[in-house]
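Biologist: I would like a close look at one part of the model shown here. Please start from that part and work outwards.

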Amino acid sequence: MSNKIFIFLGPPGSGKGTLSALCMQQFGWELLSTGNLCRDHIARGTELGKEIQRFSNQGLLVPDEIITELVADWLLTKQQLSADVIFDGYPRTLEQARSLYLLLQTKLKLFGVCLVKIDIDAKLLVDRILNRVICSNKECGHTYSLKSVSDLQAKNNMICDHCNSKLEHRADDTVESLEQRLKVYYQHEQNIIDFYVDKGIEVCMISSAQPKQQVFEDFKNMALNNYGC
Ligand SMILES: [Zn+2]
């Protein structure tokens with residue numbers, strides 16, 4: 001049996017993070033965070049870490065080749081453990097999708113890909129994001145909602161349930177920046193989906209306009225039973 005990579009596609013605020021957290025708790029899957037990998041390499045002073053530092057010092061995005069190397073390294077260790085993994089926010093572009101595909105064709109053949117699109121209404125999304133607060137501890141990064149009707153409210157006001165760090169708004173969670181981010185996001189998402197469909201990989205659709213437990217149930221039913229992942 002091969003290992004699975006579940007690629008969660010969905011705009012910021014669609015509930016990918018929440019679904020990932022449930023999958024980690026319930027199935028023991030591991031989450032790829034390219035942000036954490038970058039920080040880890042910088043902290044350990046590896047060659048890749050030094051390169052990443054150079055780009056971020058100049059305020060530049062880390063190039064796709066470096067991200068691909070990081071992901072390949074990480075996946076290799078997971079392959080040895082026969083772990084299933086979640087990709088949330090990677091691949092972010094068509095270029096990254098291509099690199100990942102190539103990697104899985106050559107070095108990491110034990111992994112199969114399942115593409116999971118988390119579907120959400122634009123109005124609901126804006127409402128969610130404007131009410132969203134995130135744990136300030138980067139290693140934790142749990143997401144909460146300020147809305148009292150939400151099942152994502154923190155137990156204590158503005159304190160993380162998991163690590164007791166302070167919760168904060170993301171500086172770029174405003175309507176204007178949101179519209180711009182969404183436009184860019186959907187363009188990339190469509191390119192990525194087209195790429196995988198062209199390679200014969202199906203897309204599994206989950207509606208995010210329901211309580212998180214139901215989203216998780218839908219995911220379990222579709223992705224694990226019917227989708228043939
Ligand atoms: Zn936390």
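My request comes next, followed by one connected reply. Please look at strand E1 (residues 3-9): with which strands does E1 pair, and in what sense? How many of its seven residues are buried?

Modeller: This is a predicted model, in which local features need pLDDT of at least 70 and side-chain atom pairs count only at pLDDT 80 or more, while totals for chains, interfaces and linings use all residues. Residues are numbered from 1 along each chain as its sequence is written. The pLDDT, the predictor's confidence in each residue from 0 to 100, averages 89 over the protein, and 97% of the residues score at least 70. Confidence is highest in strand E7, at 95, and lowest in helix H8 (residues 212-226), at a mean of 84. Where pLDDT is low, the predicted coordinates should not be read in detail. Helices (H or I, at least four residues) and strands (E, at least two) are DSSP runs, numbered from the N terminus.

E1 pairs with two strands, where pairing requires that DSSP finds at least two bridges. With strand E4 (residues 111-119), E1 runs parallel over seven bridges. Along this pairing Ile 5 faces Val 113, and Leu 9 faces Lys 117. With strand E3 (residues 85-88), E1 is also parallel, over four bridges; here Phe 6 has Ile 86 as its bridge partner. E4 in turn runs parallel to strand E8 (residues 203-207), with five bridges between them. Lys 117, the residue opposite Leu 9, also stands opposite Met 205 in E8.

E1 is mostly covered, with five of its seven residues buried. A residue is buried if 20 or more other C-beta atoms lie within 10 Å of its own, exposed if 12 or fewer, and partly exposed in between, with C-beta atoms placed from the backbone. E1 also gives the most to the largest nonpolar core, with five residues. Such a core is a set of buried Ala, Val, Leu, Ile, Met, Phe, Trp, Tyr and Cys residues joined through C-beta atoms within 7 Å. This one has 30 residues, and those with the most contacts inside it are Phe 6, Ile 7, Phe 8, Phe 87 and Val 116. Two residues are in contact if their C-beta atoms, placed from the backbone, lie within 7 Å. Phe 6 is in contact with Ile 86, Phe 87, Cys 114, Val 116 and Ala 223, leaving aside neighbours within four places in sequence. Apart from this core lies another, of five residues, among them Val 133, Cys 135, Tyr 144 and Cys 160.

Cys 135 leads to a separate piece of pairing. Cys 135 stands opposite Leu 167 in E7, and two bridges join strand E5 (residues 132-135) to E7 in the antiparallel sense. E5 is the middle strand of an open, antiparallel sheet in the order E6-E5-E7. The edge strands, E6 (143-145) and E7 (167-168), each pair on one side only.

Back at E4, the helix to look at is H4 (residues 64-80). The buried residues of H4 pack against E4, strand E2 (30-32) and helices H2 (34-44), H3 (47-57) and H5 (94-106). H4 has 17 residues and reaches 24 Å from its first C-alpha to its last, close to the 24 Å expected at 1.5 Å a residue; the expected span is 1.5 Å times one less than the number of residues. In H4, Ile 67, Thr 68, Leu 70, Val 71 and Leu 75 are buried. They lie on the same side of H4 because they cover an arc of only 160° around the axis, the arc being that of the directions from the helix axis to the C-beta atoms. On the other side of H4, Glu 65, Leu 76, Thr 77 and Gln 80 are exposed. After H4 comes Ser 82, whose phi is positive, near 55°.

One more residue belongs to this account. Ser 208 is found in the loop between E8 and H8. Ser 208 counts as buried because 24 other C-beta atoms lie within 10 Å. Not counting residues up to four places away in sequence, Ser 208 touches Gly 10, Ser 14, Gly 15, Ile 118, Asp 119, Ile 120 and Val 215. Ser 208 and Gly 10 are 198 residues apart along the chain, yet their C-alpha atoms are separated by 9.5 Å.
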